[in-house]
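This briefing is meant to be read alongside the sequence and the coordinates. It takes up the aromatic side chains and then the surroundings of the ligand.

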Amino acid sequence: MDSIWMENIKLPEFPELKSDKKTDILIIGGGITGILCAHFLKERGAGYMLAEGRTICSGTTGNTTAKITAQHSLIYDKILKSRGVETAAMYLHANLSAVEKYAELCLGQEGGGSGPGIHCDFERKTSYVYSMGSLSKLEKEADALAKIGFYSELTDRSELPFPIAGALSFNNQAQFNPLKFLAAISKDLNIYEHTFIKEFIQNEKGENEAVTHKGRKIKFKKVIFAAHFPIDNKHGLYFLKLYQHRSYVIALENAPKIHGMYVDEDRKGMSFRSYKDMLLIGGGSHRTGKKGGDWQELRDFARRYYPDSREHAFWSTQDCMSLDGVPYIGPYSENMPGCYVASGYNKWGMTSSMIAAMVLSDMVTERENPYAAVFDPARSMWKPQLFINGFEAVKNLLTPTARRCPHMGCALKWNVTEHTWDCPCHGSRFDQRGTVLDNPASGNLKKPPQK
Ligand SMILES: Cc1cc2nc3c(=O)[nH]c(=O)nc-3n(C[C@H](O)[C@H](O)[C@H](O)COP(=O)(O)OP(=O)(O)OC[C@H]3O[C@@H](n4cnc5c(N)ncnc54)[C@H](O)[C@@H]3O)c2cc1C
């Protein structure tokens, strides 16, 4: 069940924290967000250390499909209507500048950067959002983009093997192998692996300390929560502002190569990109803890449309979804000075993590960032998804069962496909023996539940 990125890759290894430490900036989580934050802080000469509970890239990052694009399905019309032209334009520019930052890092001088570049199969690509139903949503998105000064082309042609109503394209986006990129960029960073942050305390001098699962203490001035789901429940209401959505991926050999990167505007639809001689198809998605199409949907599709193909690999993962489709990047809560967060990437974490690293490395080093207001986690929560999240929480808290999630006590659901216990409220997951697989739960189940 490993992703193709894990094949033939030697990620750098880092020591476990074995003694108490002191740092200016503590980064929690060694996925793409934490690693990019560490990279920028190192470049600035800031004092930092990164604590990763398992090994780097062992979370969602190791299982992504790694399309680097500012086209996040249909988002611009939505932002324009809810927050105005200026915010929609800032969202676009933040994401386009993230794409260019990857080009600089990956291509070196050829991509406008100054370094030597990174061999990570970075390729410029056109991204497309397609619709199988009607053109109207795509036309509205194209209009919204035109209002913020961005040209996107509407076409009825595609490389996909089924008829579409149309597709909206963004030129000059990109794709890469995320683990080749992160292996290169992380190798000289100050990282501790197998160092799981369990709690936060104030010592007798009133200084902040993070405590690891083995009781080591890390004294810090500022902290960046890059642990995928924010791990402090007491502030920021992230348990209401986020839920998790799971998706499945298969990699096919002997399927026709496609040149673009495609995603269905319907969240239940599929996504496509190629990597070398493989075609990656994503889909089967559902809220974690609920039922969905999983790999079966993808395999049925492959059998129908690519009958000569062979399945090379299959995997799955999940991402945090915000209430309004825009990530939460910035101060954790007004009650937690010096604490910052990056989460809620809505399955668009390649550019979002780059933005998070640019914004948060500015914030922790006391610099202004032009995009900060767009992603401010303190923005209004009054969105329909808030009520859905609240309803799910109440329903699952009241469900009578002994199988409960240690995070907030919701009833766990058995995932027949993956043989795991999943929480529909916030997306924590556990294997059959009760070992935690995905946060926000921070520990194992006391005893393995019976089916
Ligand atoms: C199927 C799928 C396909 C996707 N494809 C794309 C795509 O094509 N393009 C795109 O832009 N985005 C995509 N995404 C989204 C993207 O992959 C994610 O948003 C991104 O990888 C999240 O990175 P992260 O660093 O925030 O989290 P993670 O990679 O999950 O990293 C968090 C890390 O924190 C560690 N951690 C957790 N708790 C603690 C703790 N208490 N102490 C220490 N460490 C801790 C974990 O072990 C983990 O390593 C996709 C998502 C899915 C689900």
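The points below are grouped by topic, and they describe a predicted model. The structure holds 26 aromatic pairs, and the protein buries 96% of the 1,000 Å² that the ligand exposes when taken alone.

**Aromatic pairs between distant parts of the chain**

- Among the 26 aromatic pairs is the one formed by tryptophan 5 and tyrosine 275, whose ring centres are 5.0 Å apart and whose planes meet at 70°, so that the pair is classed as edge-to-face, a term that applies to angles over 60 degrees.
- Because tryptophan 5 lies in the segment before β1 (21-28) whereas tyrosine 275 belongs to strand β13 (residues 271-275), this pair ties together parts that are 270 residues apart in sequence.
- Tryptophan 5 is buried, with a relative accessible area of 0%, and tyrosine 275, at 6% relative accessibility, also counts as buried.
- Another edge-to-face pair is formed by tyrosine 102 and phenylalanine 176, with 5.4 Å from centre to centre and 75° between the planes.
- This second pair also links distant parts of the chain, since tyrosine 102 sits in helix α3 (residues 85-107) and phenylalanine 176 in the loop between β6 (166-175) and α5 (178-186), 74 residues apart; both tyrosine 102 and phenylalanine 176 are buried.

**Ring cluster and charges over rings**

- Tyr130, Phe162, Phe272, Phe301, Tyr305 and Tyr306 are joined into a cluster through ring pairs.
- Lysine 241 is placed over the face of tyrosine 328, at 5.1 Å from the ring centre, while arginine 299 is placed over the face of phenylalanine 314, at 4.8 Å from the ring centre.

**Surroundings of the ligand**

- There are 35 residues around the ligand, and of these Glu52, Thr61, Thr65, Asp319 and Met350 come nearest.
- By class, the shell around the ligand is made up of 12 nonpolar, 18 polar and 5 charged residues.
- At least two residues of this shell are supplied by each of α1 (32-43), β15 (310-321) and α8 (349-364), and β15 gives the largest share, with 3 residues.
- For three threonines, an oxygen atom of the ligand approaches an N or O atom of the side chain: the distance is 3.0 Å for threonine 33, 2.5 Å for threonine 61 and 2.9 Å for threonine 64.
- Taken alone, the ligand exposes 1,000 Å², of which the protein buries 96%.

Technical notes
Residues are numbered from 1 along each chain as its sequence is written. This is a predicted model: local features need pLDDT of at least 70, side-chain atom pairs count only at pLDDT 80 or more; totals for chains, interfaces and linings use all residues. Side-chain values use heavy atoms; hydrogens and water are left out. Rings of Phe, Tyr and Trp (its six-membered ring) pair if their centres lie within 6.5 Å; planes under 30 degrees apart count as stacked, over 60 as edge-to-face and the rest as tilted. Helices (H or I, at least four residues) and strands (E, at least two) are DSSP runs, numbered from the N terminus. Buried means under 20% relative accessible area, exposed over 50%, partly exposed in between (1.4 Å probe, protein chains only). A charge sits over a ring if NZ of Lys or CZ of Arg is within 6 Å of the ring centre and within 35 degrees of the ring normal. A residue is near a molecule or strand if one of its heavy atoms lies within 4 Å of it. A polar contact is a pair of N or O atoms within 3.5 Å; within protein, one must be able to donate a hydrogen and the other to accept it, and residues adjacent in sequence count only if both atoms are side-chain atoms. Accessible areas come from the Shrake-Rupley method with a 1.4 Å probe; for residues, only the protein chains shown count as cover. Ala, Val, Leu, Ile, Met, Phe, Trp, Tyr, Cys and Pro count as nonpolar, Asp, Glu, Lys and Arg as charged, and the others, Gly among them, as polar.
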